[in-house]
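Colleague: I should like to learn how to read a model of this kind. Would you please take me through it one feature at a time?

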There are 6 protein chains.
Amino acid sequence: MTTQADAIKRHYETLSLRVDEQIGYIQLCRPESLNSMIPAFWFELPEAVHALDAHGDVRAIVISSTGKHFSAGMDLSVFMDMAKSFQADPARRAEKMRRQVLELQDSLSSLEKVRVPVLAAVQGGAIGGAVDLLCACDMRYATRDAYFTVKETQLGMTADLGTLQRLPKLIPVGLAKELAYTGRNFGASEALQAGFLNQVFDDQQQMLDAVKGIARQIAANSPMAVSGTKQMINYALEHSTAQSLEYMATWQSGMFQMEDVQQAMQAQKQRQAPSYAPLFGMQSDIRAMHKQND
Amino acid sequence: MTTQADAIKRHYETLSLRVDEQIGYIQLCRPESLNSMIPAFWFELPEAVHALDAHGDVRAIVISSTGKHFSAGMDLSVFMDMAKSFQADPARRAEKMRRQVLELQDSLSSLEKVRVPVLAAVQGGAIGGAVDLLCACDMRYATRDAYFTVKETQLGMTADLGTLQRLPKLIPVGLAKELAYTGRNFGASEALQAGFLNQVFDDQQQMLDAVKGIARQIAANSPMAVSGTKQMINYALEHSTAQSLEYMATWQSGMFQMEDVQQAMQAQKQRQAPSYAPLFGMQSDIRAMHKQND
Amino acid sequence: MTTQADAIKRHYETLSLRVDEQIGYIQLCRPESLNSMIPAFWFELPEAVHALDAHGDVRAIVISSTGKHFSAGMDLSVFMDMAKSFQADPARRAEKMRRQVLELQDSLSSLEKVRVPVLAAVQGGAIGGAVDLLCACDMRYATRDAYFTVKETQLGMTADLGTLQRLPKLIPVGLAKELAYTGRNFGASEALQAGFLNQVFDDQQQMLDAVKGIARQIAANSPMAVSGTKQMINYALEHSTAQSLEYMATWQSGMFQMEDVQQAMQAQKQRQAPSYAPLFGMQSDIRAMHKQND
Amino acid sequence: MTTQADAIKRHYETLSLRVDEQIGYIQLCRPESLNSMIPAFWFELPEAVHALDAHGDVRAIVISSTGKHFSAGMDLSVFMDMAKSFQADPARRAEKMRRQVLELQDSLSSLEKVRVPVLAAVQGGAIGGAVDLLCACDMRYATRDAYFTVKETQLGMTADLGTLQRLPKLIPVGLAKELAYTGRNFGASEALQAGFLNQVFDDQQQMLDAVKGIARQIAANSPMAVSGTKQMINYALEHSTAQSLEYMATWQSGMFQMEDVQQAMQAQKQRQAPSYAPLFGMQSDIRAMHKQND
Amino acid sequence: MTTQADAIKRHYETLSLRVDEQIGYIQLCRPESLNSMIPAFWFELPEAVHALDAHGDVRAIVISSTGKHFSAGMDLSVFMDMAKSFQADPARRAEKMRRQVLELQDSLSSLEKVRVPVLAAVQGGAIGGAVDLLCACDMRYATRDAYFTVKETQLGMTADLGTLQRLPKLIPVGLAKELAYTGRNFGASEALQAGFLNQVFDDQQQMLDAVKGIARQIAANSPMAVSGTKQMINYALEHSTAQSLEYMATWQSGMFQMEDVQQAMQAQKQRQAPSYAPLFGMQSDIRAMHKQND
Amino acid sequence: MTTQADAIKRHYETLSLRVDEQIGYIQLCRPESLNSMIPAFWFELPEAVHALDAHGDVRAIVISSTGKHFSAGMDLSVFMDMAKSFQADPARRAEKMRRQVLELQDSLSSLEKVRVPVLAAVQGGAIGGAVDLLCACDMRYATRDAYFTVKETQLGMTADLGTLQRLPKLIPVGLAKELAYTGRNFGASEALQAGFLNQVFDDQQQMLDAVKGIARQIAANSPMAVSGTKQMINYALEHSTAQSLEYMATWQSGMFQMEDVQQAMQAQKQRQAPSYAPLFGMQSDIRAMHKQND
């Protein structure tokens, strides 16, 4: 099946983007620099994620990397730039710093907010900012040689792009604290045992094949159901059970309809894969409405 | 010891209910239909739970099933009924849908709200709605051959009766998401490792004996202490530590008294099992007060 | 390096306190009474913790014990005192009880609030109130023979000093409930698997050496970074991700400066350990300001 | 127009219930006892409210009273009953007390949860429990001679059925505190100025006519719109603006449909009153589904 | 004083934008169509607001209108477009509806999020969507003939763009409910008394002069102080006092510096107006950093 | 009646403290310096409040001032001290600033946390920090010539000691914002109308007499009831209604007893003032228990 979304294929400075059989693939593409996160990365990532979000036919995203390491984290040049700007009035500098941190956080939060599941596939080291990125994904898979480091602590700073906010909700709190206070390496098998990783693989190719397989399983399900599932789980993690159940019922009142259920049942009877309609065919925003009226 | 509560023994269409030595047993009893959740189930379950809650002498509940599988989940007839009712004005249908989902959720939430601990004992498959039910129990035990499936995703719908709200707080988030997005089976040993199950047993009889043993340990403790413990843990899971500590202190100001402590100390000295008074002897509601006045 | 903080060395009735190479050591010192928590313990502990907090040069706290067991929990004499005071008007008694519980809780919460990480090292039994204490620490380490018990349940009371509020956020909920409802022992290896412990050691000396090693790793990092990390993780555990990210950005606007980063970078270049300035040199409170003005 | 709902007309011991032109009228009917709240009142009120809620054609509720005073509040006999039951073990008595208070609170909260707006019309005194009741209504109207008293404070107790929880969100906090701490009378004109009352009238008949007029205005609007409005405002009062907007959008996704909008537009064109379909024609609960299947 | 920001002067289809003496003026400019909110309005408004936000020299925003009425609310054409799109699968339509409502809400929320105070000046009618807009402003001023209507209720729908979320926190709850349930007009003097308006004026010119005067008073204060004040108040409205105080202290740790205080003190001594530096001189975003590096 | 508490009479540098007929009086006593808040004030205030809190017989607190103005707010010397300390490493300075602000905030929050109602009586100006103080009181009364100013804004800083956190919950939000953004004076009659003040009086003596009268009315009520009322209202302002009702029921389970009710009823019968026992006779803390054991 060729769809509109399959047409997307873009090359950015720091990552490549393509869609294949309803799965969006984002791949870090600066292996020669250990995929360090230079300024361009921070706006290219959300741009790529939004491009996938806006195409109704994309049903899952796989984020992976190239070279020996997943990513060396924040590029030194970002700190250099910051240092330069540290000469103004300290209050105004503080305000600028605050805006900048919020902007960098938002870049990674795009992975949490996009309507489809995001699967990360990690080889080698994932350092500092890369751990922030991984914590914002839905699921994490890695090779046996992968390792993770909350490096910021050893660099004289507090990690500020999401690791401290998300990691203690992904693994046992006592372990999360030890990792963050010491900045020590955290290997793949310890990470699997702790629940940070869903599965560990022998090598990168095996991992990529397996992760693609899981993404396909997801893509084979109703996009309404999967997107609702992501929203409901993320909501539940931040609200009481009673609030979450009430939200679920209200969500379901509009989103639960018989079309996809009947599609699923019929497919089951005929022992075929069900074929669900895409989530939406075209952009649904107000600018589109405006143009339409012209 | 024979108590008032031991007198309860009822047969419903979808489950049986009995009390034995201060433990309430609820057992699904439609093995020939894989204990699928037909409309009757949804009001019989809370009715049974409330009956146990209202008798001051019940100190723990064990919920188990019969036949090869724990439960096949929501019965197809429920969806058929819903489909029929989908022809009205869509807004009013949405409102009806919302009320119906809230009602079904409430049915399972009775297990969370009942003042005594609920232990679930699972054999074979627990599919869809059955996972929603298990997530609302306090503890889960299973046989080696048990498995769990968030089946809704593969049926074209978003699970809406509690699994998405409770599961991500019971097991590592990344795993909960994978299970819910794919709808794949989740076996007993994976579930034990993830913390979903407390223990796994070789066969159903061994499991039922062991679970009964744990329930008896609980029933041997002060019912004031156990009921307070359940309320405090559930409260803590939904509030900050500071708020929970404050609530604890206020709770304790009325609920902590020396009677049960002295009972416990004396029993310890005499190397006997302590004998605590039941939580209440009779219904405490306002209708009772009204009748009393006549 | 000798610092001002190294001068602290005090002996209380229930614990000893010393500072060595920027690490504060609190050790329970009543092994002959199984380190039971007598009234003096409850005000000596926060006093010791505040003393360490107030000295800018302390960068981590290790809490350990002496004798065969870590601590037998609340001393019986506390209950005896309470029992005595139970003869007044029940409303006023309730109010008094509430104030007392809040005060005891606050004593342990000092471990959560102190600006530096607290590492607990446990040998033998940790019973009742001792589990409340351990749950308020950042990380827990133990010997192979260690075990933990929410003993209160078996003593006819609801644990009220933090275990029920913190434990269900440290280990799988179903397990936390089983332990609290039954009051059964919870051994070191089960506790390690459940995430309650970070590591288990063969004997106490090996444990104390290893824990000291981890504390040193922490002390070698920037005290600004470590203290910010503790605050951010504790905040994140009680707020939504969005709220926590916003708080992080605001925190960083004042707390992130280049001094420590440059210190770290230079040290790295010179392959030396970085030498960070202490968090503060003198007390920063308003009384100090007042005296200064005289 | 005669509808199914118009058929409801019941007499309880403490109140009368009737439906007229889509408006439900609940009237306290024990003027000879100053409409004091005897045990029967506490279960008759929610029963009446639920009866109105369950009939899709009811679109607003007016609650009023008879005799010189709206209500003298909790009947003395309730306290007498409580006093009698105060001889058991204090912990179990505390647990019983807690359940009883929750039950009485729930009785009044039915006014907050019912899907239609509740308008209260008050003459004379509204004392103690009557103020709790009025705070749970959507809007309050009164005669010039009406007055309100948080009487509990002067009777040696803390008001426990909702006044302290709701009043400080209805009027300026400083005033709410003064009224609750002193227990002094709060007259109609002070109450109007403070925002507790929406309007004040010269006498009861004038008030009842005006309130009926407002109820009719409400009943003339789409019942989907009005019920959605009540739910959204109550939700907003307890959540952040961002959470409330998100909930609104999700609600609207199912509940906003063109049927009622077109009905409204057509009526406007033809200068007629719009005629909206009732919210639902029959009970939507799971027992109904069960019976249907027989 | 001429500043960079003074250069902004743009004409959109639905509004005009200019900056004068550090105050941004947004004016609705389709009086011939009663300033109804056509699709273009919904993206032009946030675009204009963001333009003002991005220029460090703007210190307050005044939003006003032209013609007899402030705004007739949502343009009919928007509903027509929606109606057209209502033929797809109802679940996907619901999802589209949800996204669209969120987008429209975000458009108005830009007024709440912009770092400077927003003052609204209202003449004549403000209907439906216009009330949603006004509720998102910081302060509201009006002419004597102004009136407000939650018109949606009378049009068969639930107001979904912020009125129900914000109005009950701006005026007494009972009044907010009456207005929303009935859809009746709410006049300027009733609105002043209820706290919805800060002040009422005889005619539009007098109002515009007075509002400009207030905006100037604000612009004369430190932009750091004013922007911090807006953020702190908005935060406090959605958090507990304890949380808000903690956030305030953390905010202050970076944002409170002596520069502006000294500026203020010196100006006071010299009986001059203080001259504060703009909040920032150039864009602070990550794209800027990227370009800089080229 | 002479009681233990009546014995308290202390003179501090910045305020005087005395107890008369169960009412604690705190009076600012530096009229010659306009009662500006010098460093000593910030620890003397909480010390005085805690002294009153610790004596079970005190039932209300009145805080007033001397001279032409209530208070000129923060003394300049505090800023001067801060300025001096601004030369260290900016990160460590930020941390110090944060600790200092928290300490000053805590000083005023003692008025919110003390178990008895606090009534403020204001003459003349209340500037900057004085408004922070007044917002933390339960009720505010003033003379006709009183006025209030959020002066910080005009001094180049964001008010950081509670005004921005509490004022927008005491008066209409739009007005609170105008006052805080402009820093303009807010007169007694505007403040009365807005709900900030409970009552306005012609002169200070008349005010002090009236406030004393209200304090006596409060002191005549059961101290259990009044203290419970304060705690419940403060809790309700920060939690949902459902949470607050649940807390109320749990509170009541221990705190509601028949002693005070019977006292009240008997007094009413005998047309006498009831005579309630003090809240507690002696300090209830753990140090007391410790000493007792010696």
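**Reading the model**

Modeller: D:Glu21 counts as partly exposed, because 15 C-beta neighbours lie inside 10 Å. The rule, with C-beta atoms placed from the backbone, is that a residue is buried with 20 or more other C-beta atoms within 10 Å of its own, exposed with 12 or fewer, and partly exposed in between. The model is predicted, so local features need pLDDT of at least 70 and side-chain atom pairs count only at pLDDT 80 or more, while totals for chains, interfaces and linings use all residues. Residues are numbered from 1 along each chain as its sequence is written, and chains are lettered from A and ligands numbered from 1 in the order in which they are written.

Colleague: Where in chain D is D:Glu21 placed?

Modeller: D:Glu21 sits in the loop between strand E2 (15-20) and strand E3 (23-28) of chain D. Strands (E, at least two residues) and helices (H or I, at least four) are DSSP runs numbered from the N terminus. The phi of D:Glu21 is near 45°, a positive value in a residue other than glycine. D:Gln22 lies in the loop between E2 and E3 of chain D and has a positive phi of about 70°, although D:Gln22 is not a glycine. D:Gln22 is buried, because 22 other C-beta atoms are found within 10 Å.

Colleague: How many residues stand between E2(E) and E3(E) in their hairpin?

Modeller: There are 2 residues between E2(E) and E3(E), and E:Glu21 in the turn has a positive phi of about 45°. Strands pair if DSSP finds at least two bridges between them. E2(E) and E3(E) run antiparallel and are joined by 6 bridges; E:Arg18 has E:Tyr25 as its bridge partner in E3(E). A hairpin through 3 residues joins E1(E) to E2(E), and these antiparallel strands share 3 bridges.

Colleague: In what order do the strands of the sheet in chain E follow one another?

Modeller: The order is E1-E2-E3-E4-E5-E7-E10 (chain E), an open sheet of 7 strands with mixed pairing. Strand E1 (9-11) and strand E10 (199-201) of chain E are at the edges; each has a single partner strand, so one side of each is left without a neighbour in the sheet. The twist averages 15° from one strand to the next, where axes are lines fitted to C-alpha atoms, for helices over the stretch in contact, and angles run from 0 to 180 degrees between N-to-C directions. At the E10(E) edge, strand E7 (residues 139-143) of chain E runs parallel to E10(E), with 3 bridges; E:Tyr141 is paired there with E:Gln199.

Colleague: Which residues make up the covered face of E2(E)?

Modeller: The covered face of E2(E) consists of E:Leu15, E:Leu17 and E:Val19, and the uncovered face of E:Ser16, E:Arg18 and E:Asp20. Helix H1 (residues 39-53) of chain E lies across strand E2 (15-20), strand E3 (23-28) and strand E4 (60-64) of chain E, at about 10° to E2(E).

Colleague: What span should helix H1 of chain F have?

Modeller: The expected span is 1.5 Å times one less than the number of residues. The 15 residues of helix H1 (residues 39-53) of chain F should therefore span 21 Å, and the end C-alpha atoms are 22 Å apart, which agrees. Among the buried residues of H1(F) are F:Phe41, F:Trp42 and F:Leu45.

Colleague: How many residues of chain A are in contact with chain E?

Modeller: Residues are in contact if their C-beta atoms, placed from the backbone, lie within 7 Å. By that rule, 34 residues of chain A touch 34 residues of chain E. The largest share of the chain A side, 10 residues, comes from H3(A).

Colleague: What rotation lays chain A on chain E?

Modeller: Copies are superposed by least squares on the C-alpha atoms of residues with pLDDT of at least 70 in both. A turn of 180° with a shift of 0.0 Å along the axis lays chain A on chain E, with an RMSD of 0.0 Å. The two copies are thus related as by a two-fold rotation axis. In chain A, the C-alpha nearest the axis is that of A:His239, 7.4 Å from it. The same surface serves both copies, since 100% of the contact residues of chain A recur in chain E.

Colleague: What rotation superposes chain E on chain D?

Modeller: A rotation of 120° with 0.0 Å of shift along its axis does so (RMSD 0.0 Å). That is the relation of a three-fold axis. The contact takes 36 residues from chain E and 39 residues from chain D. H6(E) gives the largest share of the chain E side, 9 residues.

Conventions:
Contact = placed C-beta atoms within 7 Å.
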